[in-house]
Every structure is written in structure tokens, then in C-alpha cells.
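This report describes where charged side chains lie in a protein and how they pair with one another. Please keep the sequence and the model in view while reading.

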Amino acid sequence: MAGGNLSPRQKMINLMYLVFIAMLAMNMSKQVLSAFGYMKESFADSSERLDNANNGILSSLEAKAEESPGRYKVKYQNAQQIKTVSDEFFNYIATVKSELTKNVKDTNDYESMDKEDEGDDYFFSKDEKYSTEGQAFVDRINGYKDEVIKILGDSINPGLKAQIEERFSTPVQKADNGRDQDWLVNRYKGFPLVTTLANLEKMQADVRTTEGEIFNSLLGGALIDETKMTNYKAIVALDKTAYFSGEQVTGSIVLGKYDKSMTIDGFESNVGGKKEAGQVLLNFKAGNPGEHPIKGSFVFNQKEGDPIRLEFDSKYTVITEPSDAVISADKMNVVYRGLQNPLSISVPGVGDANVKVSSSQNIRKVSAGKYVMTPSSGSEVNINVSAKLSSGKTVNTTKKFRIKDVPAPMGALRKETGKTSMPKESLKRAAVEVMLPDFVFDLTFAVTGFSVKVPGQPTVVVNGPRMNARAKAAIDKASRGDQVNIFDIKSKIVGEGSGLRVKKASAVLVEIK
């Protein structure tokens, strides 16, 4: 462009165009580096979401193993082994990333990660062969694949096995010139550092994806099967379970996983009914005293195949007059010491004014049929109910409830219990909490003290919910991947239940990022 018989001015203009084009090319390369960085972040987010989902599925498998050991115990044990080897491989990849970025000042400055030296020096030796670390990297990939397949054995789904082999295989690749090329050379040699980090982050996401697919497979596809029509169950839901002779029977017939948008193509019943908003409403007169059936079926048309027919078979009872009281704990079948336990107490067919309630523990009436009991001692309590029927007869009933203490709470950091991870600075600022996530009462706790153990450092005792200077100094000495144990967590109840002795909360294990 600058040659030929051009004037000096035209030569200068052409030269400026060349410089401008070069600047555009340089800017474009920086944008590509940033794109790989954002891709790396996306893979990291996916890994975290998958890990949370996988832990939920693993908990479901654990519950299934407790309910049906014969069917799920071995599956749960296999899942635990898969979790262990997956975590080990995932954490190994994290150490590789740490080694590659140990000299990087800002790991979020992706445009500065344009050199290939870090990856080449780590994975390859000067004679162009694999370094010790490079060979170990390839061996760990193949080892993870082989270990997972070995754990699952002959029970592994062929399609899932093929996916695992494809994700974690290191076969010879075809280079651009058509020649054979080692997998590690093809994927990691001569690439900018940010590209290598993105590849490693994707491999970690593949580990969590594989883990989740295996867990779902072990669970027998229950999470998918729940959406199939064949798993819906027809349920007869009456407003009451017992009726007087001649009384109107009211209620509905619905399906498990009730959906108002569901279309019922066909319905048959020995007591009739009206289809409405994904359910069938019942309204008929009760028969003579005794037990009576409610039978029939729902019909759902399918796009392919024969219609699906769901049968239901239930019963309702007609009684002449009540002979017993109905007592139920609104929260659970137990009452908790030192707390105000709500109770619903009534006798079918008897007005509230004719029902008298008493107990050896503190119990008081708050409204019609509603009571509050605050037990203080003992392990059991009797609730006595006396009801005067319309015939003048008095019915006396005694029901026994267990008295339990408030259970031990769970230690938490940022609302996360058990095991979590965060940077050192976040841990130093975090407040230790205690929670009772599955408890029936909403209690408020205040942490009064805890102990902190950093690997290689003495245990530090802390008063209050936040780290003191000694604890922060110990945390500063922790390394990435270290697990800091927060235990011996003490707390007290604030508000309702204050004054009750609170058991020590469970520990929290924090992995340093």
C-alpha cells in the first residue's frame, strides 16, 4: 500500500491504515481473552449449582436407604464412593489451577493472561515431553474415569458409561495438518493461560455433571418419573372422615401433585361428582350408619398409545353419635418443654361450650377449640377431655403426649450449615449463627461463644458471634484448600423460650478458597 509511485502524503495515509488495522486486531485478541475468562466464570457457577443439586439428590438417596435398605442401601453406598472420588478429582484440578495462577497478581484480569508460558512450563518439559505434573494430570483424568466405572460395575447404564468415557478420555488427536498429536499437546500446549484455566474449569463442571447423572441413575430416575401421568395417584379427600346419618357428605377427589390446569378426559364414580379445575367435587347424602365405598376412575388421553385409567377406591364412615374425643397437636405429636404448644381439641357433634379440658401441666384456652400447653417437667403428659353429648351422656377421654426438649441447633455461616467454602477475608468478617431449619417453632437464637481450629494452629476460643483478633490471626495463616473447623458453638434463646438450656450446636467446616 505504501509502495509504487504514490505521493508522500498518500504513502503516509496508507501507513496509518495499516497501523489502524493492527490496533483493531490487537483489541480483538483482548476481547477474545476476556470471553474465555467469562466462560471460565460460567463454568465455575455451573459447578457450584450442580454441587448443590447433587448434594440434595444424595440426601434423597440417603433417606431412601433408611426407608428401604434392601433396595437403596447399596446404591447409596455407591453414591458415597462416587462423591468421594469426584471430590478428590475436583479438588486436584483446583490445585492445578492454583499452581498455574500463583504468579498472577489479579486472577480477574483476563486480558493479562495472554501468555502460554505458565501452562507449557507446568505440563511439558524442555525436551517437549510431558513433565511430571503433565503426566500426573493425564493419569488422574483416566484414573477418575476408570474408578467411576469400576464403582458402578455391571449396573451402569450403557449410555451413561459412554458419556463418562467420552468426557474423561485422553486419546490421540488429529492436528490441523492431519497428523496424530498427543491429547495433552492438542488441548494445552501453546494456549494462553486464560484458555487453559477455562478448560480446567470445564473439566470440573464435567465432574459435577457426571456425579449428578450417576446420582439420578442410582435413584432410579425418580426425579424424571414424577412428571409422568402413570405416577399420579387418585385421592379421595373428604372434608370429614365420619358423618351422621342423613348429613351431607362434602369433599373432593383429586390427584397427587394436584394441578388446576390439568384436563380430566373421563371420570366414573359410584357416587357421582362434578369435574372442576383439575378435581372432582362431591356432594351427596350420607347413607345408613356404617362403612360405604367410593369407587371409580379417572381417564386421561395420551398423544400416543391407549388412554391411561387411574383407579381409586376409598371409604367413608357414617356414625350415629360421637363416643370419643378428637385431640391433635397442631405442630406435631409431641409437646416441647418451655414452649407454648398449640393444640386443637374438639368432640364431633358437641359444641365447644360443652367440652371441658384439663391437664397436670399448664394448659389454657385461647379460643373455641384452641388451647396452648406449656409443659415444664416430666417426659409425658395426659390431656383429659370431658364432653357432654346432646343426649345428656358424658364422654371422658384421656390422651397421652410425649414431652421433649428443644433439639440441638445447627451451626451456620451465612445461613449455610455443615460444610461450606469462602475466602479468608469473608470468614473473618462472618458472624457465626445457629439454626433449627426443620423445627416446628420459629425460635430466635443468639450465639454466645465458639471455638475455631485452623490446621497447624492452636484452637482459639471466641466469646460472642464474631471472630476475635486471635481467631482472625489464625485464619490469616490458613492456606487455600485448608478446612477451618468452627465447633463448640454455644447459644441462648431470645424471646419465646428464653431461659431454656440450649444444647451445643453442630460444627461448621469451612474450606478456604
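Lysine 404 lies in strand E18, which covers residues 394-404. The model examined here is a predicted one. With a relative accessibility of 37%, lysine 404 counts as partly exposed. On the surface, a patch of positive charge is formed by Arg402, Lys404, Arg501 and Lys503.

**A buried lysine without a salt bridge**

A contrasting setting is found in helix H4 (residues 132-152), where lysine 145 is placed. Which side chain of opposite charge is nearest to lysine 145, and how far away is it? The nearest one is aspartate 146, at 4.0 Å, and lysine 145 is buried yet has no salt bridge. Leaving aside residues up to four places away in sequence, lysine 145 touches Ile164, Glu165, Phe168 and Ser169.

**Salt bridges between distant parts of the chain**

In total, the structure holds 20 salt bridges. Three of these pairs are set out below.

| Pair | Closest N and O atoms |
|---|---|
| Aspartate 87 and arginine 208 | 2.9 Å |
| Aspartate 405 and arginine 337 | 2.7 Å |
| Lysine 428 and aspartate 476 | 2.8 Å |

Aspartate 87 and arginine 208 form a salt bridge. This pair links distant parts of the chain, since aspartate 87 belongs to helix H2 (residues 69-100) and arginine 208 to helix H7 (residues 193-218), 121 residues apart. Is each partner buried or partly exposed? Aspartate 87 counts as partly exposed because its relative accessibility is 22%, whereas arginine 208, with a relative accessible area of 5%, is buried. Both residues also take part in a network of salt bridges that links Asp51, Lys83, Asp87, Arg208 and Glu211.

The side chains of aspartate 405 and arginine 337 likewise meet in a salt bridge. Aspartate 405 sits in the loop between E18 and strand E19 (410-413), while arginine 337 sits in the loop between strand E12 (334-336) and strand E13 (341-346); the two are 68 residues apart. Aspartate 405 is partly exposed, at 39% relative accessibility.

In the remaining pair of the table, lysine 428 forms a salt bridge with aspartate 476. Lysine 428 is in helix H9 (residues 424-429) and aspartate 476 in helix H10 (residues 469-476), 48 residues apart, and this pair too links distant parts of the chain. Lysine 428 is buried because its relative accessible area is 13%; aspartate 476, at 38%, is partly exposed.

Methods. Residues are numbered from 1 along each chain as its sequence is written. This is a predicted model: local features need pLDDT of at least 70, side-chain atom pairs count only at pLDDT 80 or more; totals for chains, interfaces and linings use all residues. Side-chain values use heavy atoms; hydrogens and water are left out. Patches are made of residues with over 30% relative accessible area and no salt bridge: like charges are joined within 9 Å, nonpolar side chains (Val, Leu, Ile, Met, Phe, Trp, Tyr) within 5 Å. Accessible areas come from the Shrake-Rupley method with a 1.4 Å probe; for residues, only the protein chains shown count as cover. Lys and Arg count as positive and Asp and Glu as negative; His and the chain ends are not counted. The place of a charge is taken as NZ of Lys, CZ of Arg, CG of Asp or CD of Glu. Helices (H or I, at least four residues) and strands (E, at least two) are DSSP runs, numbered from the N terminus. Buried means under 20% relative accessible area, exposed over 50%, partly exposed in between (1.4 Å probe, protein chains only). Contact means heavy atoms within 4.5 Å.
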